[in-house]
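Reader: I would like a close look at a single part of this model, namely the charged side chains that pair with one another and the helices that carry them. Please take the pairs in turn and add whatever is known about their surroundings.

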Amino acid sequence: MAAIAEDGAPVNVEGSTDISAALAYSNHRSVAPHSDSILAKIFDDVRFGRAFIFSAQRSAAKRSEAHTIPGLRLSPLAVVVSPSKTRIIHDLTFSLSQYAHSVNADTDFEQAPPVALGRVLRDIIWRILYLRRRFGPHARIVLSKIDVTEAFRQVSVQWAGAPVFGYGFREWIVADRRLQFGWRSSPGFFCLFSAALEHAHRHTSYEDAVVMEQGRTATQHVAVTPPRATDRPTPLPPGCRVPRGKGGVVHSLFFVRYYVDDEIGRASCRER
């Protein structure tokens with residue numbers, strides 16, 4: 001079975017799992033107190049086309065039907081609670097035994113796109129150095145960071161590959177057809193898609209950009225904090241060289257870089 005990003009190359013997930021043992025194990029213990037959150041997740045995933053479900057009224061029937069789903073792999077859910085949010089995790093690293101490998105262990109990692117992120121920090125440093133050189137040592141440099149909400153769940157996999165990302169909950173078998181955060185090949189695929197977003201942003205300037213109402217709504221809560229009186233800009237290091245033509249004026253194309261699901265961009269400066 002292959003898990004395939006929509007319009008992308010297949011990534012083989014070899015082997016199979018012990019469906020009966022996976023159903024008997026069900027999910028990790030952390031799931032039990034959060035049934036309502038998981039039900040809400042399943043409801044939203046089905047409503048938005050992110051998953052499809054198979055249902056049976058009796059456990060024995062569910063076990064029998066699960067074996068008829070081509071390529072089905074069942075991995076347990078887990079829940080991690082932090083002060084800011086409750087995170088539902090599909091544990092694709094879990095293996096029932098040495099004979100029933102995890103999805104990640106059976107994934108052919110070489111077939112996924114490479115993860116190339118080293119340039120992001122370099123480009124941001126170049127941008128800061130350019131703005132400092134162009135506008136002087138007393139200019140205040142401002143950058144923004146935007147997280148793409150549920151980034152991995154915005155990228156579909158083809159229907160035929162979705163059962164690889166299956167899990168069981170109550171009387172349901174759920175096949176998740178969105179890129180999984182915990183899948184070892186996901187970062188490479190999302191880097192591929194985020195590179196397309198970055199390309200589109202970098203070929204737009206402040207003069208030809210179209211600001212949609214969704215964009216205004218998403219950023220209306222953002223405020224630039226005034227600098228403290230004790231803030232002092234860091235001087236450029238001796239012998240610093242900055243690449244030519246790296247933007248800094250209204251006619252320049254947007255400066256945007258993506259680090260997986262984090263957008264860092266719109267670096268500008270304000271005079272003190």
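Author: A residue is called buried under 20% relative accessible area, exposed over 50%, and partly exposed in between. The model is a predicted one, and with that in mind a good place to begin is helix α5. Arg 202 has a relative accessibility of 33%, so this residue counts as partly exposed, whereas Glu 198 is buried, because its relative accessible area is 4%. These two side chains form a salt bridge in which the closest N and O atoms are 3.3 Å apart, and both residues lie in helix α5, four residues apart, which is about one turn of the helix. An α-helix has 3.6 residues a turn, so residues three or four places apart point the same way.

The pair is part of something wider, since salt bridges with shared partners join Arg 119, Arg 122, Asp 123, Glu 198, Arg 202 and Arg 257 into one network. Helix α5 itself covers residues 186-202, and its 17 residues reach 24 Å from the first C-alpha to the last, close to the 24 Å expected at 1.5 Å a residue. Glu 198 is one of the buried residues of α5, among which are also Phe 189, Phe 190 and Cys 191.

Within the network, Asp 123 forms a salt bridge with Arg 257, the closest N and O atoms being 2.8 Å apart. Asp 123 belongs to helix α4 and Arg 257 to strand β9 (residues 256-259), so this pair ties together parts that are 134 residues apart in sequence. Both Asp 123 and Arg 257 are buried.

Another salt bridge to set beside these is that of Asp 262 with Lys 145, where the closest N and O atoms are 3.3 Å apart. Asp 262 lies in strand β10 (residues 262-271) and Lys 145 in strand β6 (residues 139-147), so the parts tied together here are 117 residues apart in sequence. Asp 262 counts as buried because its relative accessibility is 17%, while Lys 145, at 58%, counts as exposed. The salt bridges in the model come to twelve by count.

Arg 122, a member of the network, also lies over the face of Trp 126, at 5.0 Å from the ring centre. Trp 126 is found in helix α4, which covers residues 118-135, and with a relative accessibility of 30% this residue counts as partly exposed. Together with Leu 121 and Ile 125, Trp 126 makes a nonpolar surface patch of about 280 Å².

How values were computed. Residues numbered from 1 in each chain as written. Predicted model: local features only at pLDDT ≥ 70, side-chain atom pairs only at ≥ 80, totals over all residues. Heavy atoms only, no water. Patch = residues over 30% accessible without salt bridge, like charges linked within 9 Å, V, L, I, M, F, W, Y side chains within 5 Å. Areas by Shrake-Rupley, 256 points an atom, 1.4 Å probe, with all protein chains shown as cover. Salt bridge = Lys/Arg side-chain N within 4 Å of Asp/Glu carboxyl O. Helix = DSSP H or I, 4+ residues; strand = E, 2+ residues; numbered from the N terminus. Buried < 20%, exposed > 50% of the residue type's maximum accessible area, 1.4 Å probe, protein only. Lys NZ or Arg CZ within 6 Å of the ring centre and 35° of its normal. Expected span 1.5 Å × (residues − 1).
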